[in-house]
Amino acid sequence: MKSLGLLEITGVTAATTALDIMCKTADVEFVTWERKLGGRLVTIIVQGEVAAVRQAVEAAAANGIKKPVNYTVIARPHEEVVRLVELSASRMKPKATAKAAAPEKGES
C-alpha cells in the first residue's frame, strides 16, 4: 500500500523547488498539487512507500527555499482520502486526452 506525503508551502516557486527536492531525495511519485489564494499557498502531494515518502517530505521541509506552512505523511490512507486526492489529480489531466480516447462517430 502506498502512503501519501503532503507539503504545504507559500509560493509556486518554493513549491516547485520542494517537489524537485522530494523527487530527487527518495523514490516518490508526484500525484497532484492544489493552489489556493491565487497560488500563494500550494500543497504538493507525492506517493510511495512510507519510508521513502517520509524521507522526501522531511528533506523538502529542511532544505527548501522557504519553510513549509505544514507537512505530513499519511501511511495507508483511508479510501476517502485516496478518492479526494484522485479527484484533485483528475483535474490536472488535459481535456484533449479524454477526447482522444473516445472513438469518433461511425468508428467501431
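## A four-stranded sheet and its helices

L7 stands opposite I44 in β3, and that little pairing is a handy way into this predicted model. Residues are numbered from 1 along each chain as its sequence is written, and side-chain values use heavy atoms, with hydrogens and water left out. Local features need pLDDT of at least 70 and side-chain atom pairs need 80 or more, while totals for chains, interfaces and linings use all residues.

Let's start with the overall plan. The protein chain has four helices and four strands (DSSP runs of H or I, at least four residues, and of E, at least two, numbered from the N terminus). Read from the N terminus, the order is β-α-β-β-α-β-α-α.

**The sheet**

In what order do the four strands of the open sheet sit? The order is β2-β3-β1-β4, and the pairing is antiparallel (a pair needs at least two DSSP bridges). At the edges you'll find β2 (29-36) and β4 (70-74), each pairing on one side only. From one strand to the next, the twist averages 15° (angles run from 0 to 180 degrees between N-to-C directions of axes fitted to C-alpha atoms, for helices over the stretch in contact).

Strand β3 (residues 41-48) makes eight bridges with β1 (residues 3-10), in the antiparallel sense. Seven more bridges join β3 to β2, again antiparallel; in one of them, L41 of β3 is the partner of K36. Seven of the eight residues of β3 are buried (under 20% relative accessible area, with a 1.4 Å probe and protein chains only), so the strand is largely enclosed by the rest of the structure. Across the protein chain's 108 residues, buried ones make up 35%.

**Helices on the sheet**

Here is how two helices sit against the strands.

| Helix | Strands it lies across or touches | Angle |
|---|---|---|
| α1 (residues 12-25) | β1, β2 and β3 | about 15° to β3 |
| α2 (residues 50-63) | β1, β3 and β4 | about 10° to β1 |

**The cores**

Now for the inside. The largest nonpolar core (buried Ala, Val, Leu, Ile, Met, Phe, Trp, Tyr and Cys joined through side-chain atoms within 4.5 Å) has 21 residues, and L7, M22, V28, I44 and V46 touch the most other members. So which elements give two or more residues to this core? They are β1, α1, β3 and α2. Helix α2 supplies the largest share, seven residues. Apart from this core lies another one, made of five residues, including L4, V31, I45 and V85.

**Two residues up close**

Take V28: leaving out residues up to four places away in sequence, V28 touches M22, C23, V46, Q47, A52, V53 and A56 (contact means heavy atoms within 4.5 Å).

Then there's S3, which belongs to strand β1. Is S3 buried or exposed? With a relative accessible area of 1%, S3 is buried. Setting aside neighbours within four places in sequence, S3 is in contact with V46, Q47, G48, E49, V50, V53, V73, I74, A75, R76 and P77.

Contacts like these can reach a long way along the sequence. Among contacts in the protein chain between residues at least 6 apart in sequence, 74% join residues at least 24 apart.

Technical notes: Buried < 20%, exposed > 50% of the residue type's maximum accessible area, 1.4 Å probe, protein only.
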